[in-house]
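Here is a short report on a ligand site and an internal cavity. Look over the sequence and the model first.

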Amino acid sequence: MADSIFMTAEQTDPTIDTLLARHPALGYDGQGHLMFDGVSLQELARHAGTPCWIISETVLQERATRFKEAFSHYRQSVRFHFAVKSQDHKACLSSLAQLDYGADVVSGGEMERALNAGIKAENIVFSGVGKTDDELKRAVALGIAQVNIESAEELFRLNDLALSLNRTVRVALRVNPDIDAGTHAKITTGKAENKFGIAHQHVAELYGKAQNELDGIDIVGLAVHLGSQIITETPYRTGYNKLASMVQDLRRRHLKVSVLDCGGGLGISYRNEKAPEPSMLAKVIAETLPDDVTLRLEPGRWISAPSGVLLSRIIEIKKGSRQFAIIDGGMNDLVRPAMYDAWHGILPVSKAINVRPIPYDVVGPICESSDVFARNRSLPPLEKGDLITILDAGAYGSVMSSTYNSRPFAAQIMVREGQWSIIQKRQTLDEILQRELLPSWAAG
Ligand code: LLP
């Protein structure tokens, strides 16, 4: 069980130096100010206020390139579809499009975002457990790369929709491999009890129907997504071995399989986990899956998480039986610790030299006891007004934000080798209030 990524008391935390070594774009300058991709975080806080998200385009592109390079020795075609759900900002998507990344989308909204960022329809894969008629019709009309089908019902519905538009649509069946990837229960997707995918014992029959009976469907292959934050080889090896034997079975039945979508899921080291490199994934795929198919990969977190941080200011230090550092970012901004007990590295923005660290509970301002970013975290003595930064917040960070407690969406800034640019303005309270109407009977 890879539960080492979650907050448990018995584990040791990495030192500031270890965190910095893992994040080469972060470092303290001569004055002890934390820099991210050549930009002072203090300066960004002054310009944009806090809390705010900072995304390094350098890190994003460097990781996206590293991920692709792990597969560069493949002779067969490999297509990369960035999981838009992990980070959906247009600036990030268009930056990845420059590196020839397509998109894995799970809603009509994400599909439009991908197009809007310059990703071509032919490079978009549409996954997702509940796709509406309108979303599917749009996908058919656009002629996207493929729709990953989640159920027999969805397949027949898509066939009808495609026929009504006089079109065919490329489809892969998403298999539920029924394996335990050893991740947190709330991000497990590949077990039989999860809502995702088609039970593997039903795949062959449905595949046959799709190929032989459904004129609106061009069935090209299978898709799996084994889970997220996977940090060991075993789930991949087990899952892809299952996939390979399903391909053999389909081919024995004279069914054509030309595409395998391997999903995403590669984890990172948030705390002290030994996280694998993409080369592990490439090796397992090479050793398990047939080499006469086009492969699709849907990485999200591995590329985007380390590219982003959440910058926040201390509102108050509350002393008592525990020391609370109350910051202006909350679970409405970054929900991962509250939702998955996720551990995120925290760095002070000003480096204190030769001081004894103190254990802090770093908490947000939201009226929920789960609004906690870290418990008993050793940090140099902090004061009201100091800045801290929460690491690895580039994936499933801003995309999962809410305005709970009427806290507007935070600003977002992109940095690149000393330059910075605001890529999303802080939402104003007026913008929130403007959307609200009184009922007609009260308005007059
Ligand atoms: N493809 C499919 C079909 C997926 O469902 C997902 C993630 C991915 C690709 C990308 O997985 P990644 O490479 O990012 O692990 N909010 C949670 C993670 C949920 C992941 C859902 N599916 C978190 O913050 O940990």
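How far is an oxygen atom of the ligand from an N or O atom in the side chain of Y396? The distance is 2.6 Å. This is a predicted model: local features need pLDDT of at least 70, side-chain atom pairs count only at pLDDT 80 or more, and totals for chains, interfaces and linings use all residues. Residues are numbered from 1 along each chain as its sequence is written, and side-chain values use heavy atoms, with hydrogens and water left out.

**Ligand site**

The table lists polar contacts of the ligand (pairs of N or O atoms within 3.5 Å).

| Ligand atom | Protein partner | Distance |
|---|---|---|
| oxygen | Y396, side-chain N or O | 2.6 Å |
| nitrogen | E298, side-chain N or O | 2.6 Å |
| oxygen | G265, polar backbone atom | 2.8 Å |

On its own, the ligand has 590 Å² of accessible area (Shrake-Rupley method, 1.4 Å probe). The protein covers 92% of that area. Around the ligand are 18 residues (a heavy atom within 4 Å). S228, E298, R336, Y340 and Y396 come nearest. This shell has 6 nonpolar, 6 polar and 6 charged residues; Tyr counts as nonpolar and Gly as polar.

**Cavity**

The structure holds 1 cavity of 30 Å³ or more. Here a cavity is a set of points on a 1 Å grid over the protein atoms alone, where a 1.4 Å probe fits but cannot get out. The largest cavity has a volume of about 30 Å³, taken as the space filled by probe spheres set on the points.

Lining residues have an atom within 4 Å of a point. Among them are W53, I54, I55 and Q87. Strand β4 (52-56) supplies at least two lining residues, as does β14 (308-318). Strands are DSSP runs (E, at least two residues), numbered from the N terminus. The largest share, 3 residues, comes from β4. By class, the lining has 5 nonpolar, 4 polar and no charged residues.

Methods:
Polar contact = N/O pair within 3.5 Å; in protein donor to acceptor, adjacent residues only side chain to side chain. 1 Å grid on protein atoms, 1.4 Å probe; cavity = no way out; pocket = protein on both sides within 12 Å on 5 of 7 lines; lining within 4 Å. Helix = DSSP H or I, 4+ residues; strand = E, 2+ residues; numbered from the N terminus.
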